[in-house]
Amino acid sequence: MTSQRIAVATLTALAAASLVCAQDIQITGAGATFPNPIYSKWFSEFHNVRKDVQINYQSLGSTAGIKQLTAGTVDFGAADIPMTDEQMKATKVPTIHLPTVLGAVVPIYNITGYSKELKLSGEEIADIYLGKITSWGDKRLAANNPGLPDKPIVVVHRSDGSGTSFIFTDFLSKVSPDWKAKAGANAAVSWPVAGLGGKGSEGVTGIVKQTPFSIGYVEAIYAIQNKLGSALVKNVAGKFVEGKLANVTAAAAGAAKTMPADFRVSITNAGGNDSYPIASFTWLLIPTKFEDAGKRKAIVEFLHWMVKDGQKYTDALGYAPLPKEVAAKVEAAIAQVK
């Protein structure tokens, strides 16, 4: 082949590659760190189904996700805290909440020399974060946890606006009147104890892992992946339960039957003998209109895939799948995206 033919062949190949790239559909999203492990898996698996679709997700926290969605700098948002009516009115395009999976927020700890399971009530967790319980050797903690060392507790929390923080403080507000009065349920919290702040669930996990006698809170998968202890938490029935899938599913059982049409619901401190009390749905925030028809079609295809095929990846990553009743409602709601 002459150099001229090689050059022509090269240019033809480059032109074809450019055409393919031009046809690729790039979708951007941002938001919650809570579901980031499952979302990363989903977007990768869906790319294997639709090679021309690339979904890029930034795990920045729920507050940042809502802000970027409102500003129109991303195609979709993600949050562990439902948007308020005011926030929904501020979006450029009407937006719907679509539940994706369920997960548990677990208190994680690093207590040097203590190898037993830690048991905590909601009131005790609230008082640790209120600064009323300052030592692991406090007699209230010792009642259910003999052998805890008499060492100061290092409190770790999120430094950024976070749906994980909302779930955590929503629970504390339901079990502790003092917490409700002083801090309340918020994504951005004015922490009564300054403690140490970490950005994202990754940041909180890293600080707790490196800091002896610390306590923090993250989505369960972060505790599992980093081999950190997670406390059993006392539920409404008076049982200390683990943030495992069956207990998260139990917490969602009642909500599945009474899920509101807009899917905005809290399931923290749910009733039931086996319910884990710091559990929540997490949501994709999807605009109902897209100017780009190819992008709209790809997003709709992904949403249907997520509800059907995507749910099989939940268990391995520490999430509970959508209850069948909720999945059916989500399928129907996807039709609003046009």
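In this predicted model, helices α2 and α12 are roughly perpendicular to each other, because angles from 65 to 115 degrees fall into that class. Helix α2 spans residues 36–49 and helix α12 residues 293–308; their packing angle is about 115 degrees, and their axes lie 11 Å apart. The crossing of α2 over α12 is right-handed. On the α2 side, the contact is formed by W42, F43, E45, F46 and V49, which meet A298, E301, F302, W305 and M306 of α12. Sorted by class, this contact contains 8 nonpolar residues and 2 charged ones, with no polar residue. The spacing of such positions may be read against a general property of the α-helix: there are 3.6 residues a turn, so residues three or four places apart point the same way.

Two residues of this helix contact reappear in the surroundings of Q311. This glutamine lies in the loop between α12 and α13, the latter covering residues 324–333. Apart from neighbours within four places in sequence, Q311 is in contact with W42, T100, V101, M306, P321 and L322. W42 and M306 thus take part in the α2–α12 contact and also touch Q311. With a relative accessibility of 10%, Q311 counts as buried, because the limit for that class is under 20%.

T100 and V101, both contacts of Q311, direct attention to strand β4, which comprises residues 95–110. In this strand 16 of the 16 residues are buried, so β4 is largely enclosed by the rest of the structure. Its pairing can be followed strand by strand. With β12, residues 279–287, β4 pairs in the antiparallel sense over 9 bridges, and H97 has L285 as its bridge partner there. Strand β8, residues 214–219, also runs antiparallel to β4 and is joined to it by 6 bridges; in this pairing N110 stands opposite S214. A further antiparallel pairing, over 2 bridges, links β4 to β9, residues 229–230, where G229 is the bridge partner of Y109.

Two loops that lead towards partners of β4 each contain a non-glycine residue with positive phi. K227, with a phi of about 55 degrees, is located in the loop between α10 (220–225) and β9. F263, with a phi of about 70 degrees, is located in the loop between α11 (245–258) and β12. Are these residues buried or exposed? K227 has a relative accessibility of 76% and therefore counts as exposed, whereas F263, at 4%, counts as buried.

A second helix packing involves α5, residues 122–130, and α7, residues 163–175, at an angle of about 110 degrees with axes 9 Å apart. Helix α5 is therefore roughly perpendicular to α7, and their crossing is left-handed. From α5, the contact draws on G122, E123, I125, A126 and Y129; from α7, it draws on F168, F171, L172 and V175. By class, 7 of these residues are nonpolar, 1 is polar and 1 is charged.

Helix α5 has 8 of its 9 residues buried, so the rest of the structure largely encloses it. The buried residues are G122, E124, I125, A126, D127, I128, Y129 and L130. Among them, G122, I125, A126 and Y129 also belong to the contact with α7. Just after α5, G131 adopts a positive phi of about 85 degrees.

Methods: Residues are numbered from 1 along each chain as its sequence is written. This is a predicted model: local features need pLDDT of at least 70, side-chain atom pairs count only at pLDDT 80 or more; totals for chains, interfaces and linings use all residues. Side-chain values use heavy atoms; hydrogens and water are left out. Axes are lines fitted to C-alpha atoms, for helices over the stretch in contact, and angles run from 0 to 180 degrees between N-to-C directions. Helices (H or I, at least four residues) and strands (E, at least two) are DSSP runs, numbered from the N terminus. Angles under 35 degrees count as roughly parallel, over 145 as roughly antiparallel, 65 to 115 as roughly perpendicular and the rest as oblique. A crossing is left-handed if the near helix is turned anticlockwise from the far one by less than a right angle, and right-handed if clockwise. Contact means heavy atoms within 4.5 Å. Ala, Val, Leu, Ile, Met, Phe, Trp, Tyr, Cys and Pro count as nonpolar, Asp, Glu, Lys and Arg as charged, and the others, Gly among them, as polar. Buried means under 20% relative accessible area, exposed over 50%, partly exposed in between (1.4 Å probe, protein chains only). Two strands pair if DSSP finds at least two bridges between them.
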